[in-house]
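Here is a friendly walk through one chain, from its overall build to a handful of individual residues. Have the viewer open as you read.

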Amino acid sequence: MANLEQTWRWYGPTDNVSLNDVKQAGATGIVSALHHIPNGEVWTIKEIIKRKTEIESEGLTWSVVESVPVHEDIKRKSGNFEHYIQNYKQTIINLGKCGIDTLCYNFMPVVDWTRTNLNYPLKDGSTCLSYSKMDMAVFELFLLKRPGAITRYTTDEQKQTKKHFESLTEIRKNEIIESIIAGLPGSAKGYEVQKGYELQNFQTLLDTYDTIDVTKMKAHLFYFLNKITPTAEEAGIRLCIHPDDPPFPILGLPRVMSTAQDVRDLFEAVKSPNNGLTFCTGSFGARADNELISMIEEFGSRIHFIHLRATSRNNKGDFYEADHLNGDVDMFGVMRALIEEQNLRITKKRKDIRMPFRPDHGHRMLHDLTNVGNPGYMAIGRLRGLAELRGLELGIKKSLNI
């Protein structure tokens with residue numbers, strides 16, 4: 001019985017976590033991307049091979065590309081979107097020629113992920129990423145002053161937000177700005193906010209989606225996939241879309257991959273098995289109405305990549321990232337369902353039995369509390385998460401006699 005493939009996200013040579021660190025953590029596969037190539041440009045075979053050689057020289061495998069960013073023109077279906085689609089197709093072809101077969105991407109407008117605190121303190125002294133609806137309201141109403149944002153909040157919510165805003169220090173206000181801006185594509189090394197100017201630029205980006213609702217956004221996604229999926233089939237590439245993070249509307253932007261119904265719509269629009277899903281338990285799990293185990297049972301055959309993490313949420317719309325085995329995610333049930341899906345693939349003698357997973361968003365803890373690194377992607381917290389998940393997988397497989 002094959003194991004789920006244990007992987008680790010690595011941001012490349014500038015990452016403060018080295019490939020040797022990854023080996024010591026126990027992962028065998030690397031999840032990486034060419035962050036130095038601007039969004040929309042072709043990843044050349046030369047650059048792909050260079051990164052692949054770096055990884056393989058340490059005895060590891062470049063298992064998954066995460067990600068080839070989708071240019072905003074494609075998401076808006078405007079400007080030079082056809083040119084950028086052609087570039088995306090060429091990148092897919094080049095990845096296939098280099099022997100890389102799994103490509104994770106997302107279709108979130110403007111920001112790839114959103115949190116309001118990158119160092120939320122936990123009781124044990126570690127910190128994690130968190131999202132506060134109140135802090136988001138402060139950002140929209142008083143820091144960014146987003147036009148139209150006021151309509152999203154009741155009069156009582158506006159009063160509470162103003163009171164909360166007035167209680168915040170200037171340091172905390174800047175932390176909220178920096179946390180949200182950090183989700184911009186290309187912010188892997190962190191983001192230094194130039195006050196006023198960066199917020200103005202951020203609002204300008206948001207404004208470009210003023211006329212695009214969920215229906216249009218889904219149509220743009222399906223158009224894009226219908227264009228690139230035949231290329232992915234020929235190149236032997238498994239495409240896997242990452243869900244919205246968080247999986248609900250923010251900043252007035254359309255969200256198209258937040259629920260099980262969104263996944264059904266995607267798979268109905270583009271039926272190819274190469275059109276698949278990155279199953280992120282943290283993103284989907286931030287909504288109480290997403291039943292993760294049922295989703296694995298329904299969509300399992302088209303899950304090409306897995307992110308495992310847990311969130312702890314409340315009924316106000318807030319959440320923080322809990323330990324990998326705690327929080328609101330039934331990680332035991334999720335892991336068992338994934339193991340059963342892989343066993344089914346083996347039984348059916350499918351070619352794509354690979355089910356790579358990575359521990360997602362570890363806590364900042366121990367020595368990493370004073371180290372510099374990408375939020376959620378420090379070494380020790382993810383090492384702990386991977387060890388816990390590896391032990392959980394082994395225990396389940398032993399109990400199932402597989």
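## Ground rules

A residue is called buried when its relative accessible area is under 20%, exposed when over 50%, and partly exposed in between, using a 1.4 Å probe and protein chains only. This is a predicted model, in which local features need pLDDT of at least 70 and side-chain atom pairs count only at pLDDT 80 or more, while totals for chains, interfaces and linings use all residues. Residues are numbered from 1 along each chain as its sequence is written, and side-chain values use heavy atoms, with hydrogens and water left out.

## The chain as a whole

The chain holds 14 helices and 12 strands; these are DSSP runs numbered from the N terminus, with helices being H or I over at least four residues and strands being E over at least two. Its C-alpha atoms fill a box of roughly 60 × 50 × 40 Å along the principal axes. The radius of gyration is 20 Å, which agrees with the value near 21 Å for a compact globule of 402 residues. That radius is taken over C-alpha atoms, and the globule rule is 2.2 Å times the number of residues to the power 0.38.

Of the 402 residues, 56% are buried. Among contacts with a separation of 6 or more, 71% link residues 24 or more positions apart, where contact means heavy atoms within 4.5 Å. About 17300 Å² of the chain is exposed, and carbon and sulfur atoms supply 51% of that area; accessible areas come from the Shrake-Rupley method with a 1.4 Å probe, and for residues only the protein chains shown count as cover. There are 50 positive and 51 negative side chains, with the centres of the two sets 2 Å apart. Lys and Arg count as positive and Asp and Glu as negative, leaving out His and the chain ends, and each charge is placed at NZ of Lys, CZ of Arg, CG of Asp or CD of Glu.

## Helix α10 and its surroundings

Helix α10 spans residues 260-269, and its buried residues are A260, D262, V263, L266 and F267. They sit on the same side of α10, because they cover an arc of only 160° around the axis. The arc is that of the directions from the helix axis to the C-beta atoms. What do these buried residues pack against? Their partners are α9 (214-235), β7 (238-242), β8 (275-280), α11 (281-285) and α12 (292-299).

C280 lies in strand β8 and is buried, with 0% relative accessibility. Leaving aside neighbours within four places in sequence, C280 is in contact with H242, P243, G285, H307, R309 and D360. C280 and D244 are 36 residues apart in sequence, with their C-alpha atoms 9.5 Å apart in space.

## Around helix α6

T161 belongs to helix α6, residues 155-167. It counts as buried because its relative accessible area is 1%. Not counting residues up to four places away in sequence, T161 touches M134, A137, V138, L141 and F142.

A149 is in the loop between α5 (133-143) and α6, and is buried at a relative accessible area of 0%. Beyond its neighbours within four places in sequence, A149 is in contact with E140 and L141. The C-alpha atoms of A149 and A337 are separated by 40 Å, with their positions 188 residues apart along the chain.

## A partly exposed helix residue

E47 is in helix α2, residues 45-56. Is E47 buried or partly exposed? E47 is partly exposed, with a relative accessible area of 24%. Aside from neighbours within four places in sequence, E47 is in contact with L34, H36 and I37.

## Backbone details to check

Most residues other than glycine have a negative phi, and most peptide bonds are trans. A cis peptide bond joins E66 and S67, with omega about -5°; S67 lies in the loop between β3 (61-66) and α3 (72-76). The bond from D245 to P246 is also cis, with omega near 5°, and P246 is in the loop between β7 and α10.

V110 has a positive phi, near 70°. V110 lies in the loop between β4 (102-106) and β5 (117-121) and is buried at 3% relative accessibility. H361 has a positive phi near 45°; H361 lies in the loop between β12 (356-359) and α14 (379-400) and is buried, with a relative accessible area of 8%.
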